[in-house]
Amino acid sequence: MHTDLSPVIAATAQWLTRAYPASGGALADALCEVQARQAVTAAARLRYPTPMDVALLGVAGPGGSARLDWITGADRATPADPDADAWRTWVDEVVASWAACLLTDPALAGPAVAALAEGGPSAGTPAEFRRLLAPDDADRRAAALLRHPDLVAPVAALHRAGLTARLDPGQALVA
């Protein structure tokens with residue numbers, strides 16, 4: 001079911017790691033990318049929990065990175081080759097915002113992964129999200145920008161309310 005989310009997960013994780021890059025070499029880049037991918041994977045699975053949601057995403061598209069680029073100031077650069085940035089059309093703003101929330105707030109990350117585990121055996125396990133849930137010192141150093149609450153606050157604030165609503169099982173539906 002979740003394999004159809006792979007373009008959105010890849011593009012959104014790439015956007016996060018470009019907006020908040022690692023510093024410290026190739027190992028830091030890899031550790032930062034893994035953390036971003038784990039957060040984006042959890043966020044995407046929460047955002048699109050059913051096969052119908054994934055199918056509708058395939059029809060409507062994720063929306064792209066234009067607003068995120070504007071918020072972070074990345075919209076000022078004009079690419080020499082417009083096709084080189086085609087991946088940006090697969091960035092999902094809500095997923096990026098939710099992933100930023102999960103990376104910067106452990107109080108949200110734990111319940112998010114727990115909510116995924118409730119979806120059945122194929123939904124994911126806490127071990128699959130170890131670097132998101134329990135980053136070690138090397139993980140924290142590698143993703144210092146990506147996990148800095150003040151730096152990612154503009155992105156995280158965009159859709160934080162939607163994530164907290166999604167994680168609150170006691171919230172009543174309002175018509």
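Me: How is the expected span of a helix worked out, and what should helix 1 span in this predicted model?
Reply: The expected span of a helix is 1.5 Å times one less than its number of residues. Helix 1 covers residues 6-19, which makes 14 residues. Its end C-alpha atoms are 20 Å apart, in agreement with the expected span of 20 Å.

Me: Which residues of helix 1 are buried, and which helices do they pack against?
Reply: The buried residues of helix 1 are V8, I9, A11, T12, A13, W15 and L16. They pack against helix 2 (26-47), helix 3, helix 4, helix 5 (93-104) and helix 9 (149-167).

Me: How many aromatic pairs does a search of the whole structure find, and which residues form a pair?
Reply: The search finds one aromatic pair. Its centres are 6.4 Å apart and its planes are at 80°. Because planes over 60 degrees apart count as edge-to-face, this pair is edge-to-face, and the residues are W15 and Y20.

Me: Is Y20 buried or exposed?
Reply: Buried means under 20% relative accessible area. Y20 has 8% relative accessibility, so Y20 counts as buried. Its partner in the aromatic pair is W15, with a relative accessible area of 2%, and W15 is likewise buried.

Me: Where is S65 found, and which residues is S65 in contact with, leaving aside neighbours within four places in sequence?
Reply: S65 is found in the loop between helix 3 (51-60) and helix 4 (66-72). With a relative accessible area of 3%, S65 is buried. Leaving aside its neighbours within four places in sequence, S65 is in contact with W15, R88 and V91.

How values were computed:
Residues numbered from 1 in each chain as written. Predicted model: local features only at pLDDT ≥ 70, side-chain atom pairs only at ≥ 80, totals over all residues. Heavy atoms only, no water. Helix = DSSP H or I, 4+ residues; strand = E, 2+ residues; numbered from the N terminus. Buried < 20%, exposed > 50% of the residue type's maximum accessible area, 1.4 Å probe, protein only. Contact = heavy atoms within 4.5 Å. Phe/Tyr/Trp six-rings, centres within 6.5 Å; stacked < 30°, edge-to-face > 60°.
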